[in-house]
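The following exercises are to be worked with the sequence and the structure in view. Each task is followed by a solution in steps.

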Amino acid sequence: MKFRFCPNHNWSKLFTAARNFVGARRASTSSASAAMADNQILKTKLCIIGSGPAAHTAAVYAARAELKPILFEGWMANDIAPGGQLTTTTDVENFPGFPEGIMGGELMERCRQQSLRFGTEIFTETVSNVDFSARPFRVFAESKTVVADSIIVATGAVAKRLPFTGSGDGPDGYWNRGISACAVCDGAAPIFRNKPLAVIGGGDSAMEEANFLTKYGSEVYIIHRRDSFRASKIMQSKALSNSKIKVIWNSAVVEAYGEGDSKRVLGGLKVKNLVTEEVSDLKVNGLFFAIGHEPATKFLDGQLELDSDGYVVTKPGTTKTSVEGVFAAGDVQDKKYRQAITAAGTGCMAALDAEHFLQGIGLQQDKSD
Ligand code: FAD
Ligand code: NDP
């Protein structure tokens with residue numbers, strides 16, 4: 001739950017603090033690496049790319065299996081601090097083991113410490129490109145090239161947001177103060193209980209999130225820019241038959257404003273009908289973007305099979321990708337569940353898949369010796 005609202009809390013400070021924290025860490029890594037030779041070449045059995053729950057779970061398993069993994073945690077990759085999406089949020093209440101909840105940044109720092117404890121070597125650099133055309137694979141970052149027998153891609157995804165007035169995370173915006181991009185993560189927060197809520201989007205996520213939010217809100221509006229949904233028929237009919245859901249067709253949000261005199265939390269939206277151009281007022285205390293995610297796969301430059309939305313394709317029930325020896329875990333290969341615990345679960349799978357693969361090529365080498 002991100003919205004345990006405290007009137008004295010400046011939410012944007014959290015993100016700034018996270019950036020400063022990693023900034024300090026990067027400064028120390030950078031000065032250390034400045035002393036190293038330019039474009040250092042390192043060899044490893046396993047290179048992990050990413051720094052969210054998937055990457056660190058993979059690192060803990062792989063390091064405990066004595067694979068001595070190298071992990072690139074990124075440096076503000078896709079504008080997100082090392083540690084991934086959870087560094088952009090406050091309380092995480094649905095990750096097992098923390099009955100009182102835990103701050104997203106703290107959870108990820110603990111994951112990082114656990115990776116280090118078992119011997120993972122972590123570099124605060126963003127991977128710019130890779131060469132998976134032959135084994136050993138090559139991974140290129142600012143000052144290092146890693147030559148690796150196996151790879152785990154765990155670079156996550158970024159929820160798309162809309163840039164209308166009041167949607168940002170600055171002092172005048174309601175991001176994290178009523179606006180979110182994850183209903184499953186935030187919907188149960190007290191500030192949404194029995195309050196009118198809205199979802200933007202017309203895909204399966206919007207339908208699923210709107211249905212989910214009816215458990216908490218007094219009513220849920222789906223605001224969609226067209227006059228038909230792209231969601232699957234079954235998901236549409238579930239939403240449309242739910243008496244708590246109302247659809248506002250052909251419309252776009254143009255402004256979010258605050259509640260009451262303090263204006264500290266979201267109080268409502270200005271919604272424009274895109275056909276008539278009329279702008280109307282919609283009183284809601286929660287707004288959830290469900291307009292898709294962007295997986296962080298551009299740096300792969302087409303070297304792994306991706307689906308039409310850019311997610312890495314994995315063989316069902318495994319983390320194997322289209323290239324033998326390259327595995328993918330977390331949100332970069334999951335457009336359905338997108339939770340910290342599912343990312344961690346697939347991170348574990350990827351480490352075990354990589355270990356099994358490395359044992360396999362070890363056995364092959366033994367046989368050919
Ligand atoms: P991510 O967390 O997406 O992290 C991947 C990271 O890898 C990137 O952020 C970046 O730092 C790094 N990276 C990317 N590209 C590169 C590169 N080229 N080189 C090196 N590094 C790179 N889930 C929950 O279960 N509970 C919650 O309460 C919850 N709250 C959320 C709140 C918000 C605001 C958001 C946005 C998401 C929330 N989620 C929550 C979802 C959860 O954060 C994600 O499902 C989870 O973080 C995905 O983990 P991941 O390991 O796949 O990667
Ligand atoms: P989609 O890309 O399918 O849908 C995004 C929606 O957001 C579309 O309706 C789109 O409108 C709208 N949108 C995009 N950009 C904007 C914008 N700038 N302003 C306003 N609206 C915008 O994303 P989803 O996250 O819904 O789904 C992604 C994938 O995950 C799909 O393959 C889906 O089937 C799958 N999924 C499956 C689930 C399930 O089976 N339970 C649950 C969730 C997702 P428009 O239609 O006009 O383009």
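**Exercise 1: The surroundings of ligand 2**

Around ligand 2 there are 18 residues, of which Gly-202, Asp-204, Ser-205, Arg-226 and Arg-230 come nearest; a residue is near a molecule if one of its heavy atoms lies within 4 Å of it. The model is predicted: local features need pLDDT of at least 70, side-chain atom pairs count only at pLDDT 80 or more, and totals for chains, interfaces and linings use all residues. Residues are numbered from 1 along each chain as its sequence is written, chains are lettered from A and ligands numbered from 1 in the order in which they are written, and side-chain values use heavy atoms, with hydrogens and water left out.

Task: describe the shell around ligand 2 and its polar contacts.

Step 1. Sort the shell by residue class: 4 are nonpolar, 6 polar and 8 charged. Here Ala, Val, Leu, Ile, Met, Phe, Trp, Tyr, Cys and Pro count as nonpolar, Asp, Glu, Lys and Arg as charged, and the others, Gly among them, as polar.

Step 2. Locate the shell in the fold. Helix H5 (residues 204-213) gives the largest share, 3 residues; helices (H or I, at least four residues) and strands (E, at least two) are DSSP runs, numbered from the N terminus.

Step 3. Examine the polar contacts, that is, pairs of N or O atoms within 3.5 Å. An oxygen atom of ligand 2 lies 2.6 Å from a side-chain N or O atom of Arg-230. A polar backbone atom of Gly-202 is 2.9 Å from an oxygen atom of the ligand, and for a backbone N or O atom of Gly-203 the distance is 3.3 Å.

**Exercise 2: Helix H2 and the residue Glu-66**

Task: compare the length of H2 with expectation, then characterise Glu-66.

Step 1. Helix H2 (residues 53-64) has 12 residues, so at 1.5 Å a residue it should span 16 Å, and its end C-alpha atoms are indeed 16 Å apart. The expected span is 1.5 Å times one less than the number of residues.

Step 2. Of the 12 residues of H2, 10 are buried, including His-56, Thr-57 and Val-60. Buried means under 20% relative accessible area, exposed over 50%, and partly exposed in between (1.4 Å probe, protein chains only).

Step 3. Glu-66 is found in the loop between H2 and E2. Its phi is positive, about 60°, although Glu-66 is not a glycine. With a relative accessible area of 61%, Glu-66 is exposed.

**Exercise 3: A cis peptide bond**

Task: which residues does the cis peptide bond with omega of about -5° join?

Step 1. The bond joins Arg-135 and Pro-136.

Step 2. Pro-136 belongs to the loop between strand E6 (127-131) and strand E7 (137-141).

Key:
A polar contact is a pair of N or O atoms within 3.5 Å; within protein, one must be able to donate a hydrogen and the other to accept it, and residues adjacent in sequence count only if both atoms are side-chain atoms.
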